[in-house]
Amino acid sequence: MKIIRHVIVAAVAFAVAATGVQAAAAAPRSTGQVVRQALGVRGPEVVGQARPGVRIDDGAKSVSVVAGGVTHTIGATDRRNSEVRRLADGGQVITVLRHGDSIRYDVALAPGWTLQKAGAGLLITKPGTDLVGSVAAPWAIDAAGRSLPTWYETAPGNRLVQRVGTAGAAYPITADPRLTFGRGIYLNLSGVEVQGMLAFLIAGGGAAAYLSCKGLAKLPSEVKKVVELLCKVPAVAAAATIKNVLNALKSLGEINAYACYQKRIVPNQGGWKIVDGKNCRG
């Protein structure tokens, strides 16, 4: 269930291809060859509309996103084994990892901005502004097409580390965290999810009192997934705000099970509306 999305001013995808000791004893392939194979395994990227505010620096192997006069940059630490490419709505920094099980990126955030955990991903935030950056949950696929466990860690000196569980993996391995930066955070629910949430809100009676981060254990599994995700966003985690966001669903008329419904939650403004279905997919 893909729930949180952002209004994207600029989007950047960071991908990693790795070669290592488990690879066949063939002649070492160039970075470009490994990258092309990795992209073939991954398939076409799902991208949004073309956006301004993206700068690609091939020499530095970095991508910068700009919104509201604020710039954030992420670049490959290993420039020799990295490539950058432009996408319709941003770009990619793709690194070939030839040993080890982690990839490091240098992160240059604007003054006052910080990285913080948000589920399996990260948020880039600053108090007092509705501009929000996001590094979405990472994925990793090995040369055999298998998904591998992967996660983020932050390191001193504004460095982002993506680690990959390589046990039994077939090298090379491709991984792709995605960064977005724009005004506000949005919650997207499919029509089916909205119907389930409304059923709980209307028929749940006293159970609705558990719509908070402290009451997760007492919520039905599908409702729990939504509330749990809202709890990952500091600006939304207050019980009153969570209830406000979800109770606003009651203002909707007939629910289309196949539609995608969206509400701005940071800042908490406006009502729910139907948006392009791609916001609820992928």
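A residue counts as buried here when its relative accessible area is under 20%. By that yardstick S62 is buried, because its relative accessible area is 9%. The model is a predicted one, and S62 makes a handy way into it. This serine sits in strand β4, which covers residues 62-67. Leaving aside residues up to four places away in sequence, S62 touches R55, I56, D57, T73, I74, G75, V84 and V93. As for S82, that residue is 20 places from S62 in sequence, and the two C-alpha atoms are 9.5 Å apart in space.

Stepping back to the whole protein, the secondary structure adds up to four helices and 19 strands. The chain has 282 residues, and 49% of them count as buried. About 13,100 Å² of surface is exposed, with carbon and sulfur atoms supplying 54% of that area. Contacts reach a long way along the chain, too: taking those between residues at least 6 apart in sequence, 66% join residues at least 24 apart.

Now for the nonpolar cores. In soluble globular proteins, nonpolar side chains tend to be buried together. The largest nonpolar core in this model has 30 residues, and the members that touch the most others are L246, L249 and W272. At least two residues apiece come from β17 (185-190), α2 (191-203), α3 (221-230), α4 and β18 (260-266). Helix α2 is the biggest contributor, giving five residues to this core. L249 shows what such contacts look like: not counting residues up to four places away in sequence, L249 touches L189, V194, M197, L198 and W272. There is also a second core, separate from the one just described, with 23 residues that include V70, A110, W113 and A169.

Which residues of helix α4 are buried? In this helix, running over residues 239-247, they are T241, I242, V245 and L246. These four cover an arc of only 125° around the axis, so they end up on the same side of α4. The spacing fits a general rule: an α-helix has 3.6 residues a turn, so residues three or four places apart point the same way. One of the four, L246, has already come up as a residue that touches the most other members of the largest core.

That leaves the disulfides, and a search of the whole structure turns up two. With the bonded cysteines numbered in sequence order, the pairing reads 1-2, 3-4. In the pair C213 and C231, the sulfur atoms are 2.1 Å apart. The pair ties together parts 18 residues apart in sequence, because C213 lies in the loop between α2 and α3 while C231 lies in the loop between α3 and α4. The torsion about this S-S bond is about -110°, so the disulfide of C213 and C231 is left-handed. C213 itself is partly exposed, its relative accessible area being 29%.

The other bond joins C260 to C280, with an S to S distance of 2.0 Å. Distant parts of the chain are linked here: C260 is in strand β18 and C280 is in the segment after β19 (268-275), 20 residues apart. The S-S torsion for C260 and C280 is about 80°, so this disulfide is right-handed. C260 counts as buried, at 2% relative accessibility.

Notes
Residues numbered from 1 in each chain as written. Predicted model: local features only at pLDDT ≥ 70, side-chain atom pairs only at ≥ 80, totals over all residues. Heavy atoms only, no water. Buried < 20%, exposed > 50% of the residue type's maximum accessible area, 1.4 Å probe, protein only. Arc of directions from axis to C-beta. Contact = heavy atoms within 4.5 Å. Areas by Shrake-Rupley, 256 points an atom, 1.4 Å probe, with all protein chains shown as cover. Core = buried A, V, L, I, M, F, W, Y, C linked by side-chain atoms within 4.5 Å. Disulfide = S-S within 2.5 Å.
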